[in-house]
Amino acid sequence: MSKITIKNNRPGGFGIPGGPVIEAGASLDVELSDWAAVEGHPVVQAWVDAGHLTIEGRAATQEGDDDEFKAPFEAKDKGAGWWAIYDADGKEVKSLRKDDAEIFNALSDADKAAEVAKK
């Protein structure tokens, strides 16, 4: 199964909801499926958006293979105030808020692919 690395860039620890605490400056390797369960949490999302948490390895698919997500990409409403970027196969790439989704959808296909590659 694929893994991602979560790095805490803050001077204090960060407790993953329902999981371990990542100490200041430390990193934690987690299964992609475990990350998918918490990445939409508002506090986790805010810390990622602010750069307090760095996520590496997000381009792997949730099925565990090493393929990258496939263009074209589109942000769609998931409900409860959350949106997500989906690839051509309907795989969720990233959760985000409506304002960011609208900005993402206004990008060119090339710029969307570049944004997905950053994640």
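This passage describes the salt bridges found in the structure, which is a predicted model.

A search of the whole structure returned four salt bridges, and three of these pairs are taken up here in turn: Glu-31 with Lys-3, Asp-89 with Lys-70, and Glu-92 with Lys-78.

In the pair formed by Glu-31 and Lys-3, the closest N and O atoms are 3.7 Å apart. The contact connects distant parts of the chain, since Glu-31 belongs to strand β4 (residues 27–31) and Lys-3 to strand β1 (residues 3–8), with their positions 28 residues apart in the sequence. The Lys-3 end of this bridge is partly exposed, its relative accessible area being 48%.

Loops, rather than strands, supply the partners in the bridge between Asp-89 and Lys-70, where the closest N and O atoms are 3.3 Å apart. Asp-89 sits in the loop between β7 (82–86) and β8 (92–97), while Lys-70 sits in the loop between β5 (53–56) and β6 (74–79), so the bridge ties together parts that are 19 residues apart in sequence. Both ends can be placed by their accessibility: Asp-89 is partly exposed at 44%, and Lys-70 is likewise partly exposed at 43%.

Strands return with the salt bridge between the side chains of Glu-92 and Lys-78, for which the N to O distance is 3.1 Å. Here Glu-92 lies in strand β8 and Lys-78 in strand β6, and the pair links distant parts of the chain, 14 residues apart. Lys-78 has a relative accessibility of 39% and therefore counts as partly exposed.

Conventions. Residues numbered from 1 in each chain as written. Predicted model: local features only at pLDDT ≥ 70, side-chain atom pairs only at ≥ 80, totals over all residues. Heavy atoms only, no water. Helix = DSSP H or I, 4+ residues; strand = E, 2+ residues; numbered from the N terminus. Buried < 20%, exposed > 50% of the residue type's maximum accessible area, 1.4 Å probe, protein only.
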